[in-house]
4 protein chains.
Amino acid sequence: MSFFPNVPQIKYEGRGSKNPFAYKHYNPKEVVFGKTMEEHLRISVAYWHTFNANGTDPFGVGTAVRSWDSLSPLDRSLARVEANFELLEKLGVPYYAFHDADIAPEGETLAETNKNIDVVVAKLKEYQQSTGKKLLWNTANLFTNPRYVHGASTSSNAEVFAYSAATIKKMLEVGKELGAENYVFWGGREGYESLLNTDMGLELDNLARMLHMAVDYAKEIGFGAQFLIEPKPKEPTKHQYDFDAATAINFLRKYGLKDYFKMNIEANHATLAGHTFEHELRVSRLEGALGSIDANQGDYLLGWDTDEFPTDLYSTTLAMYEILKNDGLGKGGVNFDAKVRRTSFEDEDLFYAHIAGIDSFAHGLKAAAKLIEEKVLDGVIEERYSSYREGVGAEIVAGKHDLKSLEQYVLTKQQPIKNRSNRLEQLRASVNEVITSV
Amino acid sequence: MSFFPNVPQIKYEGRGSKNPFAYKHYNPKEVVFGKTMEEHLRISVAYWHTFNANGTDPFGVGTAVRSWDSLSPLDRSLARVEANFELLEKLGVPYYAFHDADIAPEGETLAETNKNIDVVVAKLKEYQQSTGKKLLWNTANLFTNPRYVHGASTSSNAEVFAYSAATIKKMLEVGKELGAENYVFWGGREGYESLLNTDMGLELDNLARMLHMAVDYAKEIGFGAQFLIEPKPKEPTKHQYDFDAATAINFLRKYGLKDYFKMNIEANHATLAGHTFEHELRVSRLEGALGSIDANQGDYLLGWDTDEFPTDLYSTTLAMYEILKNDGLGKGGVNFDAKVRRTSFEDEDLFYAHIAGIDSFAHGLKAAAKLIEEKVLDGVIEERYSSYREGVGAEIVAGKHDLKSLEQYVLTKQQPIKNRSNRLEQLRASVNEVITSV
Amino acid sequence: MSFFPNVPQIKYEGRGSKNPFAYKHYNPKEVVFGKTMEEHLRISVAYWHTFNANGTDPFGVGTAVRSWDSLSPLDRSLARVEANFELLEKLGVPYYAFHDADIAPEGETLAETNKNIDVVVAKLKEYQQSTGKKLLWNTANLFTNPRYVHGASTSSNAEVFAYSAATIKKMLEVGKELGAENYVFWGGREGYESLLNTDMGLELDNLARMLHMAVDYAKEIGFGAQFLIEPKPKEPTKHQYDFDAATAINFLRKYGLKDYFKMNIEANHATLAGHTFEHELRVSRLEGALGSIDANQGDYLLGWDTDEFPTDLYSTTLAMYEILKNDGLGKGGVNFDAKVRRTSFEDEDLFYAHIAGIDSFAHGLKAAAKLIEEKVLDGVIEERYSSYREGVGAEIVAGKHDLKSLEQYVLTKQQPIKNRSNRLEQLRASVNEVITSV
Amino acid sequence: MSFFPNVPQIKYEGRGSKNPFAYKHYNPKEVVFGKTMEEHLRISVAYWHTFNANGTDPFGVGTAVRSWDSLSPLDRSLARVEANFELLEKLGVPYYAFHDADIAPEGETLAETNKNIDVVVAKLKEYQQSTGKKLLWNTANLFTNPRYVHGASTSSNAEVFAYSAATIKKMLEVGKELGAENYVFWGGREGYESLLNTDMGLELDNLARMLHMAVDYAKEIGFGAQFLIEPKPKEPTKHQYDFDAATAINFLRKYGLKDYFKMNIEANHATLAGHTFEHELRVSRLEGALGSIDANQGDYLLGWDTDEFPTDLYSTTLAMYEILKNDGLGKGGVNFDAKVRRTSFEDEDLFYAHIAGIDSFAHGLKAAAKLIEEKVLDGVIEERYSSYREGVGAEIVAGKHDLKSLEQYVLTKQQPIKNRSNRLEQLRASVNEVITSV
Ligand SMILES: [Co+2]
Ligand SMILES: [Co+2]
Ligand SMILES: [Co+2]
Ligand SMILES: [Co+2]
Ligand SMILES: [Co+2]
Ligand SMILES: [Co+2]
Ligand SMILES: [Co+2]
Ligand SMILES: [Co+2]
């Protein structure tokens with residue numbers, strides 16, 4: 001049985017194709033910059049947006065009608081498994097990602113919930129084996145249920161901390177069972193609504209306690225996934241503790257966790273924090289902490305997480321540039337944490353939207369590769385910083401100077417300081433030519 | 001004598017040229033969508049950013065060193081005239097635009113200032129005649145001098161209102177003398193710093209009084225330029241009265257001025273107001289008030305007017321789309337109200353930056369033309385709104401219904417309402433294909 | 001039967017009271033600035049936030065458990081009526097406000113929906129009569145149901161326009177039946193998600209068509225309520241047509257509707273538009289269009305409508321200042337379009353939150369009255385603009401000048417222009433003293 | 001000779017005084033919460049805003065006319081010294097703070113500049129001794145001169161790094177000479193304009209190299225000041241490396257500098273970074289890194305650093321709350337990094353503005369002390385987190401649990417989880433009562 005009977009297999013037809021069910025840029029086996037596109041991008045579908053979301057927003061109920069809506073909870077969960085693998089097959093992409101709450105209905109008790117999860121996990125495993133599709137990452141949803149009203153690991157209620165711990169334990173086991181390559185921690189309600197009533201010190205300590213427990217338990221059960229923190233500055237809370245990459249990395253350093261975690265950087269979270277996507281990727285890369293990405297885009301004029309499918313080629317190009325400079329994402333991938341617009345409520349939109357996003361990343365990959373191959377940016381950078389590869393600059397970098405020797409240098413130097421133009425406008429024009437020429 | 005001896009004539013060399021002193025897209029005589037590029041774009045250089053600005057910012061002094069810097073005030077002004085026409089010639093663009101304060105030094109008295117202006121205007125006129133270059137618009141700078149500390153037309157000091165009136169009078173005469181095709185009113189300090197001490201009613205009335213006087217005087221002297229309001233939401237004031245196009249048009253309507261003014265829409269002002277550039281253009285177009293544009297771009301993550309040279313092809317494409325839908329800009333044009341970055345402080349950057357901006361608009365023009373020719377957007381729109389061209393929709397548009405008849409219609413209708421997907425993700429992917437294919 | 005058995009009658013106990021169920025500032029019969037507080041404030045409870053909302057947010061389900069939750073839809077609606085009047089009685093406030101969808105369950109058809117509405121309206125009327133409580137305003141919810149996915153009056157689907165018309169008709173009748181003093185139009189989805197696929201001209205024309213039909217029908221049935229537009233810049237749509245007061249008023253002017261509508265200004269909508277609350281009130285007041293307010297507050301660092309109960313005394317003071325300067329709100333009132341935080345999920349919070357909001361407005365009222373009585377602001381303003389009450393300033397205001405006469409005035413004047421300091425810092429300190437002294 | 005002959009000694013006259021030249025709240029010797037107000041606040045005047053700034057903004061020249069304007073550069077610098085101590089005396093406050101560029105004119109060479117500095121420093125020292133006034137902190141201005149166009153420690157030009165080092169060396173010596181209690185590093189241009197042309201890794205390494213050199217040199221010369229980093233997210237650069245407290249602290253940790261630096265938190269920088277002032281203070285406090293504050297306020301609706309004198313009592317109260325919880329600022333103080341509005345251009349405004357700011361902080365101090373003494377916030381917090389002081393919560397905090405034991409706890413627990421309301425609205429009302437009652 002098919003859930004998307006009107007949707008054919010999506011194939012690469014290249015630029016100029018007018019077939020809406022075809023890729024114009026994503027050609028999985030095409031080699032770019034030494035690897036296939038598939039190897040570079042490691043594309044993943046987000047279960048929650050694709051199979052659970054229905055277009056609800058704060059001012060309206062869902063608009064999407066899916067064929068599995070009418071089923072009973074557990075049957076609906078099982079149907080979604082089939083729909084997931086059909087969609088992965090038709091899109092021709094290798095990975096998916098989920099929260100516990102996405103795949104199985106919550107029971108009355110933890111035991112019941114876990115039983116539901118086991119039923120669905122068995123089916124997921126069976127489908128993984130038969131299709132070869134893989135789990136990029138899984139995670140625990142510690143924000144939807146009312147019990148998390150005051151947070152999970154950072155709840156003011158210790159009972160909630162305990163429940164969160166039990167849930168994370170289960171999901172680590174599920175990740176191991178399904179061979180998840182990563183495990184994500186997004187602190188949905190780990191933050192505060194008001195400092196007036198918040199013991200921020202205790203909450204941060206507790207957050208660290210939980211992460212240490214998770215590290216220990218993964219080690220204990222031999223779950224070798226890469227652990228990832230996903231920063232976000234706000235929403236749903238007024239202020240989330242993992243505000244951005246620098247804040248999250250500072251937290252990890254403070255609590256002795258830096259070696260065990262990398263970042264899962266989401267584009268829309270970056271912009272909500274006042275950064276570009278590429279900034280967050282650069283910060284993470286320089287910290288040796290670029291783990292994976294949640295591919296989407298926000299609207300700079302809107303102040304909430306719109307999770308749009310990414311189509312801005314400037315953003316996908318500069319993201320892929322950072323990823324190429326990082327020698328790829330390792331165990332991570334490009335997970336489309338993106339939802340179809342509420343007005344794109346038909347089943348076909350799930351495909352059109354993924355095609356748009358995947359093609360935009362494939363386009364960005366080709367453009368980024370060309371930027372590097374033609375040294376469009378690197379050439380400028382080499383030239384700009386050349387003074388640090390000779391003379392006093394080289395000595396500074398080599399640690400041969402202190403304030404006194406540099407004062408001496410300045411006092412005895414003959415020529416006045418001469419700076420050179422950055423030529424940023426010209427560089428931006430060059431980037432345009434690259435992006436529109438691949 | 002040349003002010004830019006190292007800069008050759010900028011010619012069109014097309015895509016693939018690596019010559020930094022060449023256009024890759026702007027080919028003045030190339031016909032696109034029925035007119036030459038030159039006729040479509042009517043490109044103008046902003047005198048202030050190009051010949052007066054030097055890279056000063058709130059935390060640093062100027063970085064640019066121009067050859068005319070060492071001259072005495074009036075000689076410097078005269079040298080800038082020559083530099084202006086040399087730049088226009090080398091760029092191969094037809095227009096320029098200025099404030100009074102850009103072209104001549106202010107004197108001790110109004111009479112002295114006007115005398116200085118006359119000297120420079122004579123030289124500008126002579127150069128216009130010999131080169132064929134033209135004045136897109138002129139305006140009065142009513143914000144830099146300390147006298148305007150509390151505003152100009154909206155100053156709390158009636159003496160300042162009077163001085164502003166005299167200055168506008170002079171600049172209308174200058175506009176007439178130089179054949180300016182437009183005259184711009186940007187209310188630099190026409191707004192408030194705090195409502196606590198502001199009589200907003202009186203200030204708005206006074207602003208309207210001044211505009212009426214200007215309309216009357218232009219009529220009196222036979223100055224036929226199109227009058228333009230340039231909206232901006234804030235900066236330097238906390239709140240400017242011409243916040244955005246809708247606000248400015250409301251003001252014009254309220255005070256009986258709507259027939260005499262159109263909008264000069266600046267991209268960066270639009271985004272500071274929480275709108276896209278294309279939104280402001282669309283609003284103006286639908287009001288029959290799209291007069292001219294100040295071409296630049298802001299940074300969505302920065303809260304001040306960065307006036308960058310425009311290189312975002314999404315923005316230039318959608319701007320040109322609105323302009324083509326408007327049947328062009330009439331007397332208006334594409335004025336580069338953009339400044340080289342403080343770090344792009346060499347003379348050559350003035351050219352590189354204009355080339356980047358002009359090419360981006362030429363690229364946008366070609367992409368917009370293709371969007372229209374291939375009905376990429378119009379096809380979707382025709383389909384989306386088709387229900388208003390038949391049945392009850394056509395009747396509604398024709399004014400044949402009221403609430404009662406529509407209730408009757410709903411109560412007797414058989415089928416439930418069926419909406420269709422907007423397919424926005426797919427449409428965005430199509431737009432990408434167009435922009436990267438011209 | 002009581003829905004809030006633990007909540008006593010809320011009485012005024014004044015400053016210093018530690019009783020959480022008492023007003024510290026709101027003393028209904030206390031005369032301030034010539035009227036009782038009750039007459040000034042005309043306080044209204046928002047049905048939707050108080051009786052329908054349950055703390056759902058985009059990342060979590062409801063947290064509030066209300067005693068009526070377990071009832072069947074129509075019974076739940078009827079129970080809420082009782083709860084509403086109990087809350088109004090206990091708070092000692094005179095008004096409430098609702099959307100159709102708040103008071104009755106939607107049926108399968110319009111006819112069925114209207115029948116449900118009639119049942120509840122009968123009960124509301126009965127309770128109004130027995131308690132003396134009144135309806136400040138009602139409105140139609142044209143955004144929650146999936147049929148409004150593309151808008152209501154501005155839907156791309158004419159069937160939806162028709163359905164919206166029928167719904168508005170019903171709600172005008174309901175308003176008449178219940179003696180509503182106002183009727184509100186908030187265009188929840190009257191805007192666009194993307195200009196790429198939007199015929200903005202047609203949509204605005206249709207919006208005007210609908211408002212004209214509503215004006216006509218109200219006249220026809222003798223419904224004398226004040227019509228109100230509630231501007232909001234965005235959310236749920238990317239861009240709402242009634243962006244702010246100036247935009248909405250421009251629309252009304254363009255379409256010949258200005259005489260029939262005033263503004264319902266919401267504080268949080270103002271700040272989302274980049275304005276202060278008091279700015280939007282001032283703009284409306286100067287246009288003779290200040291009709292009513294939705295009392296709440298946003299968080300300047302969050303980009304969505306948080307609808308918090310208002311407790312910022314700067315905001316309530318300056319809002320009340322504008323209202324006093326407007327000679328009050330006429331038929332309008334202070335409607336608490338505010339919701340308890342998701343973390344304030346207990347029944348008692350509905351009271352604590354209203355007490356906090358009402359006291360903040362009462363405090364603001366007293367502070368605003370003192371500002372006026374002591375001429376703290378007016379004294380400054382009189383002084384600042386004194387030049388327009390004599391000499392050339394008075395002549396300008398009297399229309400006796402043109403550009404030529406003003407140039408003449410400047411050229412012959414002896415003294416240089418002298419401005420005076422605004423002393424804004426001192427004024428702000430004075431405002432602090434007033435706010436903290438009442 | 002007096003620079004402010006019209007300004008009397010500012011004395012405490014208390015609430016109700018209408019004397020604009022009197023404090024209504026700041027009573028230096030009054031004991032609050034165990035210390036005098038003077039000891040709590042350690043108030044400092046910012047030299048640059050008070051004696052150098054003149055009201056220039058990006059659209060206008062200076063408006064302030066000071067009596068020292070007409071002097072030659074070095075005489076002007078010496079006159080400002082006298083004006084500074086007169087103002088400190090008249091305000092009755094103990095500290096001031098400066099950059100090198102504030103106190104002395106820059107020479108043609110470093111040697112000449114240093115000579116100028118020496119002349120002024122000698123006079124400053126003399127005045128310090130005769131008046132008892134002290135230097136809260138000094139710093140080097142590494143952003144105004146064109147040589148810093150690409151940054152200072154992070155310049156792409158190694159010559160600029162060297163020059164910066166020499167300048168910092170001099171200012172450490174000046175700090176020692178004048179007994180500065182702190183030394184501040186604000187990285188005015190330490191950031192980037194575009195990632196396209198930036199080697200962020202090298203720049204951050206170089207920034208760390210410079211800070212290590214400064215630490216070493218201070219040790220060498222026995223300069224015992226507290227070193228402070230002042231975070232700011234942007235402006236003048238697009239992105240500053242010390243974005244906020246968490247980012248700066250992460251940088252310090254990464255480069256082994258955490259032990260040598262604390263934070264100088266500026267209110268307006270906090271809000272530009274998307275945080276409240278109190279958030280940045282809390283983060284710093286929990287890191288043991290709250291060193292000093294730059295007291296001012298921004299405008300949430302404006303996107304640039306307005307550096308307004310602080311008058312928002314919510315902000316000053318919550319700031320003082322964090323400071324009291326930190327057991328004070330140690331060597332740090334409350335430095336008014338605030339400028340009079342461009343429209344407050346008269347000499348008297350320097351006093352009115354400082355009075356407004358100082359009174360607002362004194363008011364905030366009294367309110368914060370009352371919040372603590374009455375346990376308004378602490379009582380709520382104790383109650384909220386009580387579950388961590390007993391049972392499973394206490395065990396978690398004591399490190400006695402892991403994921404397995406907590407799962408076991410959840411599986412065997414009998415009662416469902418019960419959360420309690422946060423009562424945030426009620427708490428905010430209580431805070432209002434405290435702020436308006438002191
Ligand atoms: Co994500
Ligand atoms: Co997101
Ligand atoms: Co402009
Ligand atoms: Co601009
Ligand atoms: Co509202
Ligand atoms: Co709202
Ligand atoms: Co500062
Ligand atoms: Co600042």
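## A salt bridge within one helix

K169(A) counts as buried in this predicted model, because its relative accessibility is 7% and the cut-off for buried is under 20%. Its partner is E173(A): the two side chains meet in a salt bridge, with 2.7 Å from N to O. E173(A) is partly exposed, at a relative accessible area of 23%.

Where do K169(A) and E173(A) lie? Both belong to helix α6 (residues 158-178) of chain A, four residues apart, which is about one turn of the helix. The pair also has company from another chain, since K169(A), E173(A) and E407(D) are linked in a network of salt bridges.

## Other salt bridges to look at

Over all chains, the structure holds 112 salt bridges. One of them joins R423(D) to D349(C), with the closest N and O atoms 2.8 Å apart. This pair crosses between chains: R423(D) sits in the loop between α15 (403-412) and α16 (424-435) of chain D, and D349(C) sits in helix α12 (residues 347-373) of chain C. Are these two residues buried or exposed? Both R423(D) and D349(C) are buried.

A further salt bridge stays inside chain D, where E106(D) pairs with R147(D) and the closest N and O atoms are 2.8 Å apart. The pair links distant parts of the chain, 41 residues apart: E106(D) is in the loop between α4 (100-103) and α5 (110-131), and R147(D) is in the loop between β7 (134-139) and α6 (158-178). E106(D) is partly exposed, with a relative accessible area of 42%, whereas R147(D) counts as buried at 14% relative accessibility.

## The cobalt site in chain B

Now to the metals. Which residues coordinate the cobalt ion (ligand 3)? They are E230(B) and E266(B) through OE atoms, and D294(B) and D337(B) through OD atoms, at 1.9 to 2.1 Å. Along the chain, these donors follow the spacing E-x35-E-x27-D-x42-D. Why is the arrangement irregular? The four donor atoms around the cobalt ion (ligand 3) subtend angles of 83 to 165°, and a tetrahedral site would need all angles between 85 and 135 degrees.

E266(B) has a second role to note, as it bridges the cobalt ion (ligand 3) and the cobalt ion (ligand 4), which lie 4.5 Å apart. Among the donors, E230(B) lies in the loop between β10 (226-229) and β11 (239-240) of chain B and D294(B) in strand β13 (residues 290-294), so the pair ties together parts that are 64 residues apart in sequence. Both E230(B) and D294(B) are buried.

## The cobalt site in chain D

In chain D, the cobalt ion (ligand 7) is held at 1.9 to 2.1 Å by E230(D) (OE), E266(D) (OE), D294(D) (OD) and D337(D) (OD). The spacing of these donors along the chain is E-x35-E-x27-D-x42-D. The angles among the four donor atoms run from 84 to 164°, and the site is irregular.

E266(D) coordinates both the cobalt ion (ligand 7) and the cobalt ion (ligand 8), which are 4.5 Å apart. Distant parts of the chain are linked here by D294(D), in strand β13 (residues 290-294) of chain D, and D337(D), in the loop between β14 (334-336) and α12 (347-373), 43 residues apart. D294(D) is buried with a relative accessible area of 0%, and D337(D) is buried too, at 6%.

## How chains A and D meet

A rotation of 180° with 0.0 Å of shift along its axis superposes chain D on chain A, at an RMSD of 0.0 Å. That is the relation of a two-fold axis. Which C-alpha of chain D is nearest the axis? It is that of N250(D), 2.2 Å from the axis. The same surface serves both copies, as 100% of the contact residues of chain D recur in chain A.

The contact takes 93 residues from chain D and 93 residues from chain A. About 8200 Å² is buried between the two chains, and carbon and sulfur atoms give 62% of that area. L196(D), N197(D) and L403(D) supply 10% of the area that chain D buries against chain A, more than any other three residues. Between chain D and chain A there are eight salt bridges. K413(A) also forms a salt bridge with E159(D), the closest N and O atoms being 3.7 Å apart.

Conventions. Residues numbered from 1 in each chain as written. Chains lettered and ligands numbered in written order. Predicted model: local features only at pLDDT ≥ 70, side-chain atom pairs only at ≥ 80, totals over all residues. Heavy atoms only, no water. Donors = N, O, S within 2.8 Å, 3.2 Å for Na, K, Ca; no water. Tetrahedral: all angles 85-135°; square planar, octahedral: opposite > 155°, others 65-115°. Helix = DSSP H or I, 4+ residues; strand = E, 2+ residues; numbered from the N terminus. Buried < 20%, exposed > 50% of the residue type's maximum accessible area, 1.4 Å probe, protein only. Salt bridge = Lys/Arg side-chain N within 4 Å of Asp/Glu carboxyl O. Least-squares fit on C-alpha atoms with pLDDT ≥ 70 in both. Contact = heavy atoms within 4.5 Å. Buried area = accessible area lost by both parts, 1.4 Å probe.
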